[in-house]
Amino acid sequence: MTSISGSHLGLVELADYELLIDSLGSELADQIRIEFFNRLKQWIRTSDHSRTIDQHRCLVVLKGVDSSAALELATAKLHRLFEHPYDLFGDPTQIEIRVGFAKLEGKTDLHTALQQARKALRQARSQSALYRVFDGRHRDPVITEHRTIKALENALAQGELELFYQPKIQANFGNIIGAEALMRWHPLNSPVIPPGKFIAAAERSRIIRPLTWWAIKSAMARMSRWPDNISVSINIPPHLLLDDEILDVIRDMLDLYGVRPPRVILEVTENIMVENQQQMMTQLARLRKMGLKVSIDDFGTGHSSLTYFRNLPADELKIDKSFVTQMVKSQKDLAIVRAVINLAHNFALKVVAEGVEDQTTADRLKALGCDYLQGYLFDRPLPVEAFEQRYIY
Ligand code: C2E
Ligand code: CA
Ligand code: CA
């Protein structure tokens with residue numbers, strides 16, 4: 001091979017290929033894959049080296065592209081090639097690609113460069129960017145996640161986690177009937193970190209177990225001081241619902257604090273029913289037998305079929321905020337909201353709308369018969385002291 005030093009190595013992939021197969025079927029996905037390679041061919045110059053490394057990935061050595069300015073020109077061309085949608089049997093379809101680049105310099109061997117390009121590609125993927133370049137200080141998402149989890153373990157031990165509470169309002173009368181406990185991480189001398197920054201990583205690790213048990217204990221300890229007509233909703237990751245320890249944790253807390261079980265609402269996402277349906281049904285039924293309530297969160301976003309509804313051991317549906325925030329503007333979202341409310345009521349379930357941000361939306365929901373409202377219109381999630389000051393004492 002002629003010298004490749006002073007070049008860039010690029011790992012190019014067709015984005016979300018598995019997802020394309022799932023959503024379009026393998027034949028249509030294959031059309032897109034072929035078009036991906038056709039367009040890519042126009043990018044690769046005869047002086048470059050390229051090799052297809054699997055069905056939807058290709059490795060390219062861009063000879064002579066030795067500076068970031070030169071790389072920028074090359075990626076601009078790539079952008080142009082993939083800019084226009086592909087006509088997939090009359091359906092204009094955007095072809096998304098991701099690229100990870102690494103610079104080939106004097107000492108870098110091809111193997112190391114490939115590893116670096118892989119890391120850059122992972123970053124491009126996680127940021128939904130066309131490309132990323134490995135820069136030496138590159139933070140591998142896997143390492144970042146590992147650090148987050150280590151830091152969370154420490155946070156749990158140091159008492160840096162907090163539950164904020166957001167009121168849940170009765171639509172008809174405007175009075176508070178409960179609150180949702182939402183986790184926050186507050187490192188010493190640093191700003192509060194929202195769950196969007198750490199819950200997903202925690203859920204991929206074992207730390208989610210002690211974290212969830214902590215949330216259950218903390219919420220139940222606090223609510224035991226509140227009036228008996230105020231419930232608290234706690235978010236439970238689906239797989240932990242199947243963990244039999246949850247039964248012991250909750251039973252112990254009910255005993256210790258003398259909280260009436262129906263005041264405790266377990267929020268689980270709709271996706272719980274996708275796998276282990278029978279096992280989930282059984283477990284939800286057990287929890288309800290203990291007197292607890294079950295709420296199906298983010299309803300409308302999952303892939304569940306409506307057939308499971310017949311025997312669903314739940315008390316409440318929460319319409320996902322993506323529909324609620326748009327329902328005044330979008331007829332389609334309004335139709336979904338209306339359908340969910342009717343569906344729930346036909347199965348004797350209560351309905352909560354989350355993400356209620358303005359009065360018009362609240363009025364509409366009330367008129368549609370929605371039972372409970374939650375959202376910024378009433379209050380943001382509040383630190384426990386502020387919540388108690390405003391709603392309890
Ligand atoms: P979620 O369970 O769907 O919680 C509702 C989210 O909507 C909360 O975000 C809340 O602050 C936000 N929200 C409330 N009212 C409005 C509104 O009017 N408009 C808009 N746009 N948003 C509103 P938050 O607190 O950042 O929590 C995000 C997610 O993190 C939660 O979504 C939940 O999935 C997860 N999470 C939060 N706390 C816990 C926890 O203790 N355990 C677990 N496993 N997950 C948690
Ligand atoms: Ca929730
Ligand atoms: Ca939700």
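Let me begin with the second largest pocket, which holds about 290 Å³ of space, and let me say at once that what we are looking at is a predicted model. Eighteen residues line the second largest pocket, and those that lie nearest its centre are Ser231, Pro262, Ile265, Lys293 and Tyr372. Sorted by class, this lining has eight nonpolar, two polar and eight charged residues.

The largest pocket, for its part, holds about 890 Å³. Its lining is made up of 33 residues, with Glu180, Leu182, Pro195, Asn235 and Asp297 lying nearest the centre. The elements that each give two or more residues to this lining include the strands β8 (161-170), β9 (176-185) and β10 (231-235), and also the helices α6 (199-203) and α7 (208-223). Strand β9 supplies the largest share, namely five residues. By class, the lining of the largest pocket has 16 nonpolar, eight polar and nine charged residues.

Now to the metals, beginning with the calcium ion that is ligand 2. Its protein donors are Glu180 through OE, Asn235 through OD1, Glu267 through OE and Asp297 through OD, and they lie 2.1 to 2.4 Å from the ion. Along the chain, these donors follow the spacing E-x54-N-x31-E-x29-D. Distant parts of the chain are linked here, since Asn235 sits in strand β10 and Glu267 in strand β11, 32 residues apart. Are these two residues buried or exposed? Asn235 is partly exposed, because its relative accessible area is 29%, whereas Glu267 counts as buried because its relative accessibility is 2%, and the cut-off for buried is under 20%.

The calcium ion that is ligand 3 is coordinated by Asp297 (OD), by Asp298 (OD) and by Glu354, which is listed twice through OE, at 2.3 to 2.4 Å. In sequence, the donor residues of this ion are spaced D-D-x55-E.

Which residue bridges the two calcium ions, ligand 2 and ligand 3? The bridge is Asp297, and the two ions lie 4.0 Å apart. Asp297 counts as buried, because its relative accessibility is 7%, while Asp298, with a relative accessible area of 23%, is partly exposed because that value lies between the 20% and 50% cut-offs.

To bring the pocket and the metals together, I would point once more to Glu180, Asn235 and Asp297, which are among the residues nearest the centre of the largest pocket and are also among the protein donors of the calcium ion that is ligand 2.

Key: Residues numbered from 1 in each chain as written. Chains lettered and ligands numbered in written order. Predicted model: local features only at pLDDT ≥ 70, side-chain atom pairs only at ≥ 80, totals over all residues. Heavy atoms only, no water. 1 Å grid on protein atoms, 1.4 Å probe; cavity = no way out; pocket = protein on both sides within 12 Å on 5 of 7 lines; lining within 4 Å. Points joined across faces, edges and corners; volume = space filled by probe spheres on them. Helix = DSSP H or I, 4+ residues; strand = E, 2+ residues; numbered from the N terminus. Nonpolar A, V, L, I, M, F, W, Y, C, P; charged D, E, K, R; others polar. Donors = N, O, S within 2.8 Å, 3.2 Å for Na, K, Ca; no water. Buried < 20%, exposed > 50% of the residue type's maximum accessible area, 1.4 Å probe, protein only.
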